[in-house]
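Dear colleague,

Please find below the structure that I am handing over to you. My notes on what was found in it follow directly after.

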Amino acid sequence: MIDVISFLPGKRKQTASGWISFNAPCCVHRGDNQDKRQRGGIKPSPDGSWSYHCFNCGYTASFVLGRNLTFKARKLLEWLNVPQEEIERINLESLKHKSIEGLLGERQEIVNRLQNIEFEDRDLPADTQPLNQAGQAYLLSRRLHLDYPFFYKTMPRPGVVIPFTHNNQVVGHTTRFLDDRTPKYIQDIQPGYVFGTDLQGADWQRVIVVEGVFDALSISGLAVLHAEINDAQVRLIRSLGRDVIVVPDQDEAGMRLVDRAVELGWSVSMPNWPAGVKDVNDAVIRWGRMATVITIMQARETSKIKIELRKKQLVKQWKNINA
Ligand SMILES: [Zn+2]
């Protein structure tokens with residue numbers, strides 16, 4: 001058993017949301033002042049996996065049982081004064097727990113590397129804080145499950161921070177600001193990144209591709225994060241080996257996504273949503289997750305002609321509304 005807690009400083013406290021906080025060991029190694037306010041947080045899982053986030057300098061690292069220790073997780077253990085032999089022992093111990101899923105994950109990583117689908121680890125913004133009530137209320141109003149590792153920040157404006165992960169490592173983030181000012185979002189996104197691969201079940205046959213991060217979180221889909229799908233994103237989506245259904249936002253920009261999906265030979269779903277329901281998250285807010293997924297599956301089209309017809313129908317509807 002790998003018990004990360006035994007390596008933590010003696011002075012620590014447990015929070016209600018499952019974080020164990022202690023003075024962060026990372027900041028001094030990254031040009032920041034020594035943390036004295038217990039702003040390092042680790043969230044352990046029952047199986048021995050854990051994720052770490054520093055609420056002072058923004059350093060993040062995580063460890064998944066059955067996988068090799070990542071570079072950033074090794075660094076963190078070093079900074080916690082874990083001896084090198086002990087770090088190697090943890091790594092070996094972890095690999096003893098390698099499961100079929102872990103092996104498949106590794107095979108996927110090799111495939112990805114060959115196809116150049118790799119992202120560098122990134123930190124979250126330095127002023128990131130644990131999710132607070134304002135953030136929770138916002139996410140619940142959008143009918144999202146709070147089991148995703150959301151964070152909060154106040155500077156320069158209050159907002160919910162959504163880490164972008166790939167293979168359970170943080171590789172970017174987006175912040176959705178909660179005031180009414182623009183821009184609504186700021187993002188740290190790497191080229192070719194697709195949000196939501198970590199939300200997919202190992203045995204799922206299909207994957208739903210949407211535009212926005214909240215749409216993807218609503219139904220465990222993938223988000224391409226804008227109204228286009230670039231070639232690197234196509235490679236990543238194809239590498240999952242699943243049947244792809246694209247669900248565009250029902251607006252003009254969304255129709256570009258439809259053209260792209262047709263070009264790629266992917267199926268498209270444009271459910272018959274009433275005015276005011278423009279995207280998947282709007283639909284989930286109104287009808288819930290299950291009903292929304294059912295309407296998406298029912299409206300799924302593979303025929304190019306039928307997709308074109310449906311698109312024309314939608315465009316005509318908007319013209320009538322605007323006329
Ligand atoms: Zn730090």
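Val224 touches Val209, Val210, Glu211, Ile229, Gln233, Ile237 and Leu257, leaving aside residues up to four places away in sequence. Please bear in mind that this is a predicted model. Val224 lies in the loop between strand S12 and helix H6. With a relative accessible area of 0%, it is buried, because buried means under 20%. Val224 and Val213 are separated by 11 residues in sequence, and their C-alpha atoms are 8.2 Å apart in space.

The loop that holds Val224 also contains Leu225: this residue, too, is placed between S12 (222-223) and H6. Leu225 has a positive phi of about 70° although it is not a glycine. As general background, most residues other than glycine have a negative phi. Leu225 counts as buried, at 13% relative accessibility.

Helix H6 itself spans residues 231-239, and its buried residues include Gln233, Val234, Leu236, Ile237 and Ser239. Two of these, Gln233 and Ile237, are among the residues touched by Val224. In an α-helix there are 3.6 residues a turn, so residues three or four places apart point the same way. Just after H6, Gly241 takes a positive phi of about 65°.

A further non-glycine residue with a positive phi is Asn81, at about 65°. Is Asn81 buried or exposed? Asn81 is exposed, because its relative accessible area is 68% and the limit for that class is over 50%. Asn81 is found in the loop between helix H1 (71-79) and helix H2 (84-96).

I turn next to these two helices. The axes of H1 and H2 come within 10 Å and cross at roughly 140°. The two helices are therefore oblique to each other, and H1 passes H2 in a right-handed crossing. On the H1 side the contact is made by Arg74, Leu77 and Glu78, and on the H2 side by Gln84, Ile87, Glu88, Ile90 and Asn91. By class, the contact of H1 with H2 comprises three nonpolar, two polar and three charged residues.

A second helix pair is formed by H8 (residues 280-287) and H9 (residues 289-298), whose axes come within 7 Å and cross at roughly 130°. That angle makes H8 oblique to H9. H8 passes H9 in a right-handed crossing. From H8, Val280, Ala283, Val284 and Trp287 meet Arg289, Ala291, Thr292 and Ile296 of H9. The residues of the contact of H8 with H9 divide into six nonpolar, one polar and one charged.

Among the strands, two residues deserve a description. Thr174 is found in strand S9 (residues 169-177). Thr174 counts as buried, at 0% relative accessibility. Its side chain reaches the backbone oxygen of Ile186 at 3.3 Å. Apart from residues up to four places away in sequence, Thr174 touches Val160, Val161, Ile162, Phe164, Tyr185, Ile186, Gln187 and Val213.

The other residue is Lys153, which has its place in strand S7. Why does Lys153 count as buried? Lys153 has 5% relative accessibility, and buried means under 20%. The side chain of Lys153 reaches the backbone oxygen of Met155 at 3.4 Å. With residues up to four places away in sequence not counted, Lys153 touches Pro125, Asp127, Thr128, Pro158, Gly159, Val161, Thr175 and Ile186. Ile186 and Val161 are thus listed for Lys153, and Ile186 and Val161 are also listed for Thr174.

Finally, I draw your attention to the cis peptide bonds. As a general rule, most peptide bonds are trans. A cis bond joins Met155 and Pro156, with omega at about -5°. Pro156 is found in the loop between S7 (151-153) and strand S8 (159-166). A cis bond also joins Thr182 and Pro183, again with omega at about -5°. Pro183 is found in the loop between S9 and strand S10 (185-188).

With kind regards

Key:
Residues are numbered from 1 along each chain as its sequence is written. This is a predicted model: local features need pLDDT of at least 70, side-chain atom pairs count only at pLDDT 80 or more; totals for chains, interfaces and linings use all residues. Side-chain values use heavy atoms; hydrogens and water are left out. Axes are lines fitted to C-alpha atoms, for helices over the stretch in contact, and angles run from 0 to 180 degrees between N-to-C directions. Helices (H or I, at least four residues) and strands (E, at least two) are DSSP runs, numbered from the N terminus. Angles under 35 degrees count as roughly parallel, over 145 as roughly antiparallel, 65 to 115 as roughly perpendicular and the rest as oblique. A crossing is left-handed if the near helix is turned anticlockwise from the far one by less than a right angle, and right-handed if clockwise. Contact means heavy atoms within 4.5 Å. Ala, Val, Leu, Ile, Met, Phe, Trp, Tyr, Cys and Pro count as nonpolar, Asp, Glu, Lys and Arg as charged, and the others, Gly among them, as polar. Buried means under 20% relative accessible area, exposed over 50%, partly exposed in between (1.4 Å probe, protein chains only). A polar contact is a pair of N or O atoms within 3.5 Å; within protein, one must be able to donate a hydrogen and the other to accept it, and residues adjacent in sequence count only if both atoms are side-chain atoms.
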